[in-house]
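Here are a few exercises to work through with the model open beside you. Try each task before you read its solution.

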Amino acid sequence: MKTVAYKVSGMHCMGCVGSVKRVLERQAGIERAEVSLELGKAEVVFDDALINDDKIVELIKNLGYEVEVN
């Protein structure tokens, strides 16, 4: 398992946090996602044989947020 922190810009409320967390945790290969509104980040634990950074970034961007690997 690999753990990566992503800087997420554009989240304004706990609904935003919930949306990001739900989308990530429903994805095959992602074991856990911790999303913080206060810190503007998502920490994701995933199996890099099943999913990669590019796909995780794409999932978050598709929700309308800016994201970069921390």
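## Exercise 1: Around Tyr-6

The Tyr-6 side chain makes a polar contact with the side chain of Asp-53, at 2.5 Å. Keep in mind that this is a predicted model.

**Task.** Work out whether Tyr-6 is buried or exposed, and find which residues it touches beyond its sequence neighbours.

**Solution.**
- Step 1: Start in strand β1, where you'll find Tyr-6.
- Step 2: Check its accessibility. The cut-off for buried is under 20% relative accessible area, and Tyr-6 has 0%, so it counts as buried.
- Step 3: Look at what's around it. Leaving out residues up to four places away in sequence, Tyr-6 touches Gly-40, Lys-41, Ala-42, Val-44, Phe-46, Asp-53, Ile-56, Val-57, Val-67, Glu-68, Val-69 and Asn-70.
- Step 4: Pick one of these, Gly-40. Along the chain, Gly-40 and Tyr-6 are 34 residues apart, yet their C-alpha atoms are separated by 8.5 Å.

## Exercise 2: The other partner of Asp-53

**Task.** Find which residue forms a salt bridge with Asp-53, and say where the two sit in the chain.

**Solution.**
- Step 1: Look for a side-chain nitrogen of Lys or Arg within 4 Å of a carboxyl oxygen of Asp-53. Lys-2 fits, with the closest N and O atoms 3.9 Å apart.
- Step 2: Place both ends. Asp-53 is in helix α2 (residues 53-61) and Lys-2 in strand β1 (residues 2-9), so the pair, 51 residues apart, links distant parts of the chain.
- Step 3: Check exposure. Asp-53 is partly exposed at 22% relative accessibility, and Lys-2 is partly exposed too, at 33%.

## Exercise 3: More salt bridges

**Task.** How many salt bridges does the structure hold, and which residues are linked in a network of them?

**Solution.**
- Step 1: The count for the structure is 6 salt bridges.
- Step 2: Go back to helix α2, where Glu-58 and Lys-55 lie 3 residues apart, about one turn of the helix. Their side chains meet in a salt bridge at 3.8 Å, N to O. Glu-58 is partly exposed, with a relative accessible area of 38%, and so is Lys-55, with 30%.
- Step 3: Now try Lys-41, one of the residues Tyr-6 touches. The Lys-41 side chain meets that of Glu-43 in a salt bridge (3.9 Å, N to O). Lys-41 is partly exposed at 24%, and Glu-43 is partly exposed at 29%.
- Step 4: Finish with the network, which links Lys-21, Glu-25, Arg-32 and Glu-34 through salt bridges.

How values were computed: Residues numbered from 1 in each chain as written. Predicted model: local features only at pLDDT ≥ 70, side-chain atom pairs only at ≥ 80, totals over all residues. Heavy atoms only, no water. Helix = DSSP H or I, 4+ residues; strand = E, 2+ residues; numbered from the N terminus. Buried < 20%, exposed > 50% of the residue type's maximum accessible area, 1.4 Å probe, protein only. Contact = heavy atoms within 4.5 Å. Polar contact = N/O pair within 3.5 Å; in protein donor to acceptor, adjacent residues only side chain to side chain.
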